[in-house]
Amino acid sequence: MSTSRSAFVLLCLLAVAGLAHCRPSPECALDPASLRPAVNATLAAFFSLFKAECAQWAGTFTPTASFAHPKVPTGVRGRDALQAFCSKNQEATAGFPVEFRQDGGAMITPMQTETSLDGTGRTLEAHVLVPYLYAAGGAHNSQFINSGWESLVLQCAGDALVIAHVTEFFKRETGDF
């Protein structure tokens, strides 16, 4: 590997580790493996919906982020609405066991954009597709299972990747035990 390529890869690794400003070079942006640690950290925060403080969960999104969810036909737009969405979901499952988790490997497609979130230049956007599983217990010993895919658009903001948009796709099954 050339010295210049090594420097680009090192800069990118430092950026995703939060140790350098997240404006990777075009060469670095084409390498999904170098983004994986930052993507994994963002996914862990996203899947903490039923466990995290809702303000903290909503803080992993951009201020104008949107969430296209099959149960919310108009979508959820903006950080305040995302925080309310989190609260509503946590209240609806209070007292019942609930699991919301990544259920397989994430696929990452990086893309260099022409304008950063702060308007100062080029930055990185990562498009991520990840399978998930949601299961919750309910009244009368019912079990609710929902699995599908989360499609996320992550953007570089300072030293982190934040969620700009999510689209959820799911299939549902219910059963009594």
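The following legends describe three close-up views of a predicted model.

**View 1. Surroundings of F61 in strand β1.** Strand β1 comprises residues 61-69, and F61 lies within it. The relative accessible area of F61 is 0%, so this residue is classed as buried, the cut-off for that class being under 20%. Leaving aside residues up to four places away in sequence, F61 is in contact with F46, R79 and L82, and also with V162, I163 and V166. Between the C-alpha atoms of F61 and Q83 the separation is 10.0 Å; these two residues are 22 residues apart along the chain.

**View 2. Surroundings of K171 in strand β7.** K171 belongs to strand β7, which covers residues 160-176. Its relative accessible area is 57%, and K171 is therefore counted as exposed, a class that requires over 50%. When residues up to four places away in sequence are not counted, K171 touches I145, N146 and S147. The C-alpha atom of K171 is separated by 9.4 Å from that of W149, a residue 22 residues apart from K171 along the chain.

**View 3. A nonpolar surface patch containing M107 and W149.** Four residues, M107, L129, W149 and F169, form this nonpolar patch on the surface. Together they have about 390 Å² of accessible area. M107 is located in strand β4, which spans residues 107-113. With a relative accessibility of 48%, M107 is assigned to the partly exposed class, because that class lies between the buried limit of 20% and the exposed limit of 50%.

Definitions and conventions. Residues are numbered from 1 along each chain as its sequence is written. This is a predicted model: local features need pLDDT of at least 70, side-chain atom pairs count only at pLDDT 80 or more; totals for chains, interfaces and linings use all residues. Side-chain values use heavy atoms; hydrogens and water are left out. Helices (H or I, at least four residues) and strands (E, at least two) are DSSP runs, numbered from the N terminus. Buried means under 20% relative accessible area, exposed over 50%, partly exposed in between (1.4 Å probe, protein chains only). Contact means heavy atoms within 4.5 Å. Patches are made of residues with over 30% relative accessible area and no salt bridge: like charges are joined within 9 Å, nonpolar side chains (Val, Leu, Ile, Met, Phe, Trp, Tyr) within 5 Å. Accessible areas come from the Shrake-Rupley method with a 1.4 Å probe; for residues, only the protein chains shown count as cover. A salt bridge is a side-chain nitrogen of Lys or Arg within 4 Å of a carboxyl oxygen of Asp or Glu.
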